[in-house]
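Me: I want to go through this model and have each label justified. Please set the value against the cut-off every time.

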Amino acid sequence: MKEPGTLVEYGATIDAAAMVVPPDTTELELEPGHPGLGDAGYVVRRKELFDLCRRHRLGNLGPPTVVYTPEETRIWREVSPKLHELHDKYACSIYLKAKRDLAINETEIPQLRTISERLERETNMHLVPAEGALPYRTFYEYIAKRGFPVTQFIRHGSHPEFTPEPDMIHDCLGHVPPLMNQDYAELLTLIGKAAATTARGEQVLALKRFSWFSIEFGLIEEVGETKVFGAGILSSTGEIPHSLFSKDATRRPFVTDMVITTDYDPSQMQKDFFIAPSLPFLRRELEALVRRFDIPVL
Ligand SMILES: [Fe+2]
């Protein structure tokens, strides 16, 4: 089973055929071993949100307003304070400021529609309601157009600190706040444009690794300290201390040629972390990579 914070859309194994003709799931499928599988009420609710979000996504309607159930709110109130405490100690300042500015709190599950409107004003990014993990190509095409796909369902309550798939806690407490930062927004958008444009599988793989070791599991240098900014780390109470302190993990400076040749396993706690000196550095490195790959998006 996967740790919270792992991303289905970033599979480690690249299937070239799947990238050319990505699978599109039209109905909810919970993978074997999913903690919600035996809970009929949970499955019904997930189907309801799946259909609602898919309809809004395909109709370009923006995030729907969702009335969350008491159980969903309970799970949010159980998990988010634990993450907030860790964020205060270990998250980078860009993340902390954005979370405050977006008024994401421990009490209420945020409405993505409100957040999307705010992002649009700040960095010209917006949120796209996602019924679940999207095919690679679709995911990158949204990002290329400055839309970040975000789920609107919550993990199963039997294991509040675990999710086998990206859910709203991963997305809202991991990916969404940094979208308020212009450098982060441009970095993300360029990854999307480049990955959606190139037809070469090895270039997509390099871009996915660049993204994995920055956007998803990146560490960053801040006033002489190493801080967390990757969404997969920020949304996992296990990955935050693991990424910074575990003896089972390596922490190396972010060197692009090393990053794009390093593989990862999204189903495990991560063992390789790269520390970027800053977001503008990552942006410059990505631009250089895209030029080197001759992808015409700059
Ligand atoms: Fe993610």
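Me: Which residue of β2 stands opposite Ala130?

Reply: Thr151 stands opposite Ala130. Before going on, note that this is a predicted model, where local features need pLDDT of at least 70, side-chain atom pairs count only at pLDDT 80 or more, and totals for chains, interfaces and linings use all residues. Residues are numbered from 1 along each chain as its sequence is written, and side-chain values use heavy atoms, with hydrogens and water left out.

Me: What makes β1 and β2 a pair, and in which sense do they pair?

Reply: Strands pair if DSSP finds at least two bridges between them. β1 and β2 have five bridges, in the parallel sense, so the pairing criterion is met. Another opposite couple is Val128 and Pro149, the latter in β2. β1 covers residues 126-130, and β2 covers residues 147-151. Strands here are DSSP E runs of at least two residues, helices are H or I runs of at least four, and both are numbered from the N terminus.

Me: What lies with β1 and β2 in a β-α-β unit, and what is its hand?

Reply: Helix α6 (residues 136-144) completes the unit with β1 and β2, and the unit is right-handed. Right-handed means that, with the strands pointing away from the viewer, the path from the first strand over the helix to the second runs clockwise.

Me: How many residues of β1 and of β2 are buried?

Reply: In β1, four of the five residues are buried. In β2, five of five are. Buried means under 20% relative accessible area, exposed over 50%, and partly exposed in between (1.4 Å probe, protein chains only). Both faces of β2 are covered. Gly147, Pro149 and Thr151 are buried on one side, Phe148 and Val150 on the other. In a regular strand the side chains alternate between the two faces of the sheet.

Me: Why is Tyr140 called buried?

Reply: Tyr140 has a relative accessible area of 2%, so the buried label applies. Tyr140 is part of helix α6. Its C-alpha is 21 Å from that of Ser235, 95 residues away in sequence.

Me: Why does Asn124 count as partly exposed?

Reply: The relative accessibility of Asn124 is 44%, which means partly exposed. Asn124 sits in the loop between α5 (112-123) and β1. Phi of Asn124 is positive, about 65°, although this residue is not a glycine. Leaving out residues up to four places away in sequence, Asn124 touches Leu119 and Arg146; contact means heavy atoms within 4.5 Å. The C-alpha atoms of Asn124 and Leu179 are 9.3 Å apart, at a chain separation of 55 residues.

Me: Why do Ala103 and Asp248 count as exposed?

Reply: Ala103 reaches 54% relative accessibility and therefore counts as exposed. Asp248 reaches 66% and therefore counts as exposed too. Ala103 is in the loop between α4 (93-101) and α5. Its phi is near 55°, positive in a residue other than glycine. Asp248 is in the loop between α11 (239-245) and β5. From Asp248 to Gln270 the C-alpha distance is 9.1 Å, across 22 residues of sequence.

Me: Why are α9 and α13 called roughly antiparallel?

Reply: Helix α9 (residues 201-216) and helix α13 (residues 279-292) pack at about 175°, with axes 12 Å apart. Angles over 145 degrees count as roughly antiparallel, under 35 as roughly parallel, 65 to 115 as roughly perpendicular and the rest as oblique. Therefore α9 and α13 are roughly antiparallel. Leu207, Phe210 and Ser214 of α9 meet Leu282, Glu285, Leu286 and Leu289 of α13. By class, that contact has five nonpolar, one polar and one charged residues.

Me: What makes β4 and β5 edge strands?

Reply: The open sheet has four strands in the order β4-β3-β6-β5, with mixed pairing. β4 (225-228) and β5 (250-253) each pair on one side only. Neighbouring strands in this sheet are turned by 35° on average, direction ignored.

Me: How do β3 and β4 run, and how many bridges join them?

Reply: β3 (residues 219-222) and β4 run antiparallel, joined by four bridges. Ile220 stands opposite Lys227 of β4.

Notes. Axes are lines fitted to C-alpha atoms, for helices over the stretch in contact, and angles run from 0 to 180 degrees between N-to-C directions. Ala, Val, Leu, Ile, Met, Phe, Trp, Tyr, Cys and Pro count as nonpolar, Asp, Glu, Lys and Arg as charged, and the others, Gly among them, as polar.
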